[in-house]
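Trainee: Could you take me through one small spot in close-up and then carry on from there to the rest of the assembly?

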Amino acid sequence: MLVGRRDFLRLTASAGAGTAIGGLVGLGVTLAPAMARAQELRIKDAKTTPSICPFCSVGCATLIHTVDGKIVNIEGDPRSPHNEGTLCPKGAAIYQLHMNPNRATKVLHRKPGAGDWEVVELEWAMDRVAELIKKTRDETFIEKLPNGKLVNMTPAMFALGGATLDNEFNHVCQKFWRGLGVVAIENQARI
Amino acid sequence: MPEAMGFFTDTTVCIGCKACEVACKEWNQLPAENGGVRELSGDSYDNTRRLDGIHWRHVRFIEQFKGPYDGRWLMMSDVCKHCVQAGCLEVCPTGAIIRTQFDTVVIQSDVCNGCRACIAACPFGVIDINPVSGTAQKCTLCYDRLQVGLEPACSKACPTDSIQFGAISELRTRAGKRVAQLKSQGVAAELYGADPSGPLGGLNSFYLLVDKPEVYGLPRHPELPTANLAKSGGLSMASAAVLGLLAIVGLRKRRMDEQSRGGPGNV
Amino acid sequence: MSDTFFSGAPHWTWLILLYFFVGGVAGGAAFLAAVLDWVGGAEDRPVARSGYNVAAFGAIVSGALLTIDLGRPLRFWHMLFQSANFPALMFKGWSPISFGAWGILLFGLFSVLAALGGMAEEGRLHNPTLRAVGGAVHGGVAKLVGGVAGLFGIFIAGYTGVLLSVTNRPIWADSPWLGALFVASGVSTGAAALILLAARRGATEQALARLSAFDTKALVVELLVLVVFVVSLGALNKVWVSFWGLILLVGVVALGILAPLWLHLQRRPVARAARLVLLGGFLLRLATIFASEGIEHYRVTAGM
Amino acid sequence: MGSNMAECHPVAFRWPMKAKLNGAKLVHVDPRFTRTSAVADLHVPIRAGSDIAFLGGLINYVINSKRWNSDPFFREFAVNYTNAATIIGDDFKDTEELDGVFSGLVKFSEPAFWPYNGLEGRYDNATWAYKRGPKAPGPVTKDLIAKRAGPPFDDLVRSLKPGPADKDPTLQNPHCVFQILKRHFARYTPEMVEQVCGSPKEKFIKVAELLLENSGRDRTSAFAYAVAWTQHTYGVQMISCCALLQLLLGNIGRPGAGVMALRGHAAIQGSTDVPTLYHSIHGYMNAPSALRPHETLRDYMAAETSPTSYYGNLPKFLVSYLKSMYGAAATAENDFGYDWHPKILGDHSHIACFAAMAEGKVKGMCCVGQNPATSLNGGATRQALRQLDWLVVKDNWLTETATSWYLAPEVKSGEVKVGDNKTEVFFFPSTQIAEYDGSFTNTQRMLQWHSFAAKAPGDCRTDSWFYHNLAKRLKKAYAGSKLSRDQGWNNVTWDFDPDAGEEPLYPGEISARKVLREINGYQTADPKQHLKGFAELKDDGSTTCASWIYCGCYPAWDQNLTARREADPPGVPGAHLKWGWAWPANRRVMYNRASADLKGNPWSERKRWVWWDATFVNPPDPKTGKPVPRGKWVGYDVPDFGGTKAPDAQPKPDGIGLDALSGTQPFIMRADGKGWLFVPAGLVDGPLPTHYEPHESPIQNPLYKQQTSPVHKVWAPGKPYNKLAVVGDPKFPYVISTYRLTEHYLAGAMSRWLPWLAELQPELFIELGKGLAQEKGIKNLDWVVVSSPRGHIRAKALVTDRIGVMHIAGKRIHHVGMPWHWGWMGLSTGDVVNDLTAWVGDPNVSIHEGKAFVCNVEKA
């Protein structure tokens, strides 16, 4: 027990050089190694789900630990050849993307010209957006250009976003809009 | 009993990303200062500034430039040194601070009563009060992870392996090789705290530096606080003795007092 | 730059400052009371009784201040017993805060006993239990109890300085003289407190005069130790180029030491000098605590 | 170059740092001394926007160096694997002859139906073409289109084959690519580099020498770039210039080599492959356009198919894609529904759309996980947003875009009244990564699956859920419509609901696996029969596959290869082929045939990657049962070549696709199987990279009379919301770059709300040199006002020597820099740096010029 001996020697030395007070040994107190009082491992009994970091494009693999469906920890997956368990500060903060009191969780609606948001029902808002898309599409659809070219499109709606989202989202998004004849589909990759 | 475990921080490969800071906070569930709302420090890219009760890792940024683009930018991730001779552990009056089986120094939060003696005792300014718990806190070298064979959160996260975790003996060998490699490239590299016969019996978190320790905010000769005990105590007692003597002489019974009134004064 | 500049401030501020001051006064008062009990005459007994009262009151206030200052006040007893292994005692002979905690406890115990003894003497105890306890403390027992209280008193006055020195903080750990300085200041402020209080408790002119004369000497000692302390800081004295340096020079040296010394030498009314001594004692702790507390290591490193 | 890898891709930077410990040299060329520079062996300052001058200087230095001319490796690689020996037509005129422009420059007039292309000039690239022999006789394309020939479309593709290109393997012909580029770059001398870039000559030469030392048979060098090379009016040419240099050095298609794009978002590669981008449809096929000859399916194929490369298979890709769109309704008779597919009118890119929006041409917008209110000329963008009839923002946080109608700086200042804004605004909360299933494609083209771990709170739904449930509503709304314009939508297949037995994660949630299955593709007749790779694709509608490049990621109904997590054991070369799945065909290094020499042997033992095993016994052809001769490409990676195509194989005379290429043509996506030093087609701004000044520059172009790229884009020219500085504008004397910090992400939505990140970089700052600070009386942490012709913002000063003055063309020019992560929402707030940027951009890809423009700095 190398450590213990070191501490013991040091104590002896300090006692030898010390004063009467310093020379008093502690009552039932030692500086020798000891087991600290139990510190519960946060991820004990947690379920582990493989995931990927949603920040930059390196694709670091992560492990998500959940207990009873609640996230308790997210850290790097040591198996990954990309990151070998390491993460950057953003990756290390993924936990706070989820467990964060600042998260928005309600659907908000602002009427034209209104000064404030209103909290609305998800289904109502979806109905309203669908209605607006149909209206705009029907009003602005171009089947043929003045020069006779068949184009079957509308330039009057713009879909933005996708580079922080899944491939599956991108497919669904572009299929939806191209299916409707909307071509102005863009994401962060442009800028 | 397992081997002594600790960190070797090779500052020459630190990219100052602060992953260690966040990974530490994530694992140990430490809050951000003022909920994250702060002011720019103006001290290079360092807005953490110091180790304390809610910052158990701190990346320091040191700009050394002679002119535009002419110089170097040193970075170092700092942490508790887990001193082999630990001042905090010595002075702790509650026994909250203990040395673990891994030769690391841990504050048991359920024992500490927040007296803060350890804060002043630490030569490195590592410890401070965590406002949430009201107790003194610092790096535990992820004691809970070590016990189940997991690597500490910070070294695990470190993308460039500037922070390396392992058995101290192995880390010292590795560090020695790295110093030799750097010296062969003409870099003035030195280890700080790797010497078991050096200050505090060596540090279980030691560093590879390319400048003087002070530049990195590290004391050149860190000492135990008790180094002052004998001298300070002795002088206090001497002072008490002198004053005691003066009091005994000066406050004697009136008879003596009257005699001395006409005399040349007290001894 | 001293290596102490890399350490962190423990936030020992107003409560601790008050504790150090009150503890110093109480300790000094107990010490002087004990000396009077042992070497003084019967006419000094009222002064001694006042001393124990100051000590007892100060000890209780000190304990309270110390406890409130803790991050977790309800865990104050962790300093005395091992929380995980109650009732095993918790004591570290090399840690001033540990033996200081015991010191303050014992000082409180003995000074309260001594004070109760004094109060019983004066017939001011009405509670039967207290009267019984106070009554037991008389004669030889009282002298013994007072003596022990006095020894713990001087210990309390001085250990606070040692406590500051047994750290790695600037100023505090940079000189071994802080304990000695606090002893001197404790004794001088203790004397000053007795001068102010004892007059109302039936102390004689002469007893007060002797206290004043003694206080003069204590102040001289304090001044000398202060000079040695400052000299021992060496290059570090640049920290006094600050508000705290001004406090030390004007508040402590000029108002707290030189002015009362001059008043004593002029045989001016002792009360005014005593008030100044108390002020000086307070400011001494203020300057030494806050000058160091204000040094934040990261600013030092960043050259700010 | 062009990247601050340590700060923006810290974990990827793990590997260069490991290489450094093994003796590799790390060079950082950047206008700032960053955290990357701090650990590099050499930092070379460079003026933002002058990278082509630097790279051109390297090219000039390399081809005139002793090492390049004495080591036969370089010439062998260049002559055989690049088009160095190819001869260009006699009519081609270089910038040397036309003082900064190439032959073919013509005026561009904006079409009335969509005048948002931002162009004044464009190149007709006919003169850039290879000099060719006569075309082989055969059916004529035009006739085949008129005849509606095919499927199969092989004859159509064959009809596109041009005659053979002329070559001079001695590289002596003055019209050969090598001689043209040698003349082109001759003026890029080290002295000129110092003048243009401000990079000290000695440091520049050191970089060139390091590159030469570390290239060859035994060693390779790699370049890493990011948006500091793309956000310019000539960004594509910067990357092209680097590729040119790397091809000359033999650093393409080999391990440890290449030009690595460090992309910026978790799925940005995926969102480019699975294009939520206007200009392309799945797998990099160009979107059908009204400006190109794309009238019919066959016109499109004729215009877009490259007959003598793997792109010769484009008809198969396209038909399989159309099948994925329109399902059973897509038949050979109706050209697989090609006419239903919308065509673009021109440039519908980010800025073009906002320019159109500002003029009321865009009525509605759905913004999902993006925050344009803080990007690209923010003031103009927000003004455009106020013209919308409706705006949907779906995000994890209440972003600046969601709140700009009441919190934008111009609204706060009273300049714009909330009530005057008639936009109907919606905000839908989103799920976070752990709360749903899906895949990301990383910067290495690798798809990696992430799994659901925990439920999202409240009304948070996935972003796919949003479009899925809108689609269901719109399907219902248009059901039964007989209008011709609604037929496309009514025929779009929409089957993403989970199959019976699979529980949706949220009510109405899609099955992400089902979406990936459609992307991967299957046999039309039996969707359970997945396609195992793009070699199985057919042009007759019998295969359905949205994305040919992703084909193979889901080779069987129950085999999602993107979810694999099996790394190679330590000590092997480490292609990690069983970790995730990389397109194309799980290849990790593209064009890896180039890692072997002409005979198929590794260039060196050290750089072994893929090679020809002549003794390999092949099984008989599974289709024909015929025996296959011995020999196969083998190695650590999936070979990017015909698997059994021998190094001495010759092109088939009437072959199309890979059959048209020989066994020594590694660049199988190029029409001649070679790496292009000279780009005869595909780039709209010139066949060779040329240094131009940024649109806003403090100096005249020191290299040519032509100041800026003659074809770069300026949107909303002359509009008050897109004012631009003139050359050397005294009101805006400083060069400014915008950039990212490690501690934050993009416009901050994903970082400024996170306490742990917010506290690390709590406020916006401007980094400026000590010299400039002194001139302006600015101290560290002082508030300063930074202005450009578009706007002005406030920031705290961070005075440092990590950025500063440069000596450019005899002038002292101060460089300043600002991170652009801030906005008014979140825990850490600050002014919007993009309020300074302009709507000018690259003509190839419409990206803006955010890395080099001009500004003024004053103490606040």
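In β16(D), which residue is the bridge partner of Tyr522(D)?

Mentor: It's Thr544(D), sitting opposite Tyr522(D) in β16(D). Before we go on, keep in mind that this is a predicted model, where local features need pLDDT of at least 70, side-chain atom pairs count only at pLDDT 80 or more, and totals for chains, interfaces and linings use all residues. Residues are numbered from 1 along each chain as its sequence is written, while chains are lettered from A and ligands numbered from 1 in the order in which they are written.

Back to your pair. Strand β14 (residues 522–523) of chain D pairs with β16(D) in the antiparallel sense, over two bridges. Two strands pair if DSSP finds at least two bridges between them. Helices (H or I, at least four residues) and strands (E, at least two) are DSSP runs, numbered from the N terminus. Zoom out a little and you get an open sheet of three strands in the order β15-β14-β16 (chain D), with antiparallel pairing. β15 (526–530) and β16 (543–544) of chain D are at the edges with a single partner strand each, so one side of each has no neighbour in the sheet.

Chain B has an open sheet too, this one of four strands in the order β8-β1-β10-β9, and its pairing is mixed. The edges are held by β8 (163–167) and β9 (190–192) of chain B; each has a single partner strand, so one side of each is left without a neighbour in the sheet. On average, neighbouring strands here are turned by 25° against each other, direction ignored. Strand β1 (residues 5–10) of chain B runs antiparallel to β8(B), joined by five bridges, and Gly6(B) has Gly166(B) as its bridge partner in β8(B). Across β1, β8, β9 and β10 (205–209) of chain B lies helix α6 (residues 168–184) of chain B, running at about 135° to β8(B). Axes are lines fitted to C-alpha atoms, for helices over the stretch in contact, and angles run from 0 to 180 degrees between N-to-C directions.

Pairing also crosses a chain boundary. Strand β4 (residues 107–110) of chain A and strand β11 (residues 424–429) of chain D run antiparallel and are joined by three bridges, with His109(A) opposite Phe426(D) in β11(D). Chains A and D share the most contacts of the five pairs of chains in contact, where two residues are in contact if their C-beta atoms, placed from the backbone, lie within 7 Å. The contact draws 134 residues from chain D and 102 residues from chain A. Helix α22 (residues 463–478) of chain D gives the largest share of chain D's side, ten residues. That side of chain D has 76 nonpolar, 41 polar and 17 charged residues; Ala, Val, Leu, Ile, Met, Phe, Trp, Tyr, Cys and Pro count as nonpolar, Asp, Glu, Lys and Arg as charged, and the others, Gly among them, as polar. Chains C and D, on the other hand, have no contact, and their closest C-alpha atoms lie 12 Å apart.

For helix packing, look where chain B meets chain C. The axes of helix α7 (residues 229–250) of chain B and helix α7 (residues 205–233) of chain C come within 10 Å and cross at roughly 160°. α7(B) and α7(C) are therefore roughly antiparallel to each other; angles under 35 degrees count as roughly parallel, over 145 as roughly antiparallel, 65 to 115 as roughly perpendicular and the rest as oblique. The crossing of α7(B) and α7(C) is right-handed: a crossing is left-handed if the near helix is turned anticlockwise from the far one by less than a right angle, and right-handed if clockwise. Residues making the contact include Leu243(B) and Leu246(B) of α7(B), and Phe214(C) and Val221(C) of α7(C). By class, the contact of these two helices has nine nonpolar, two polar and two charged residues.

Last, some backbone oddities. Most residues other than glycine have a negative phi, and most peptide bonds are trans. Phe86(C) and Pro87(C) are joined by a cis peptide bond with omega about 5°, and Pro87(C) is in the loop between α2 (45–69) and α3 (96–122) of chain C. Another cis bond joins Pro151(D) and Pro152(D), with omega about 0°. Glu84(A), a residue other than glycine, has a positive phi near 45°, and Glu84(A) is in the loop between β3 (70–76) and α3 (89–92) of chain A.
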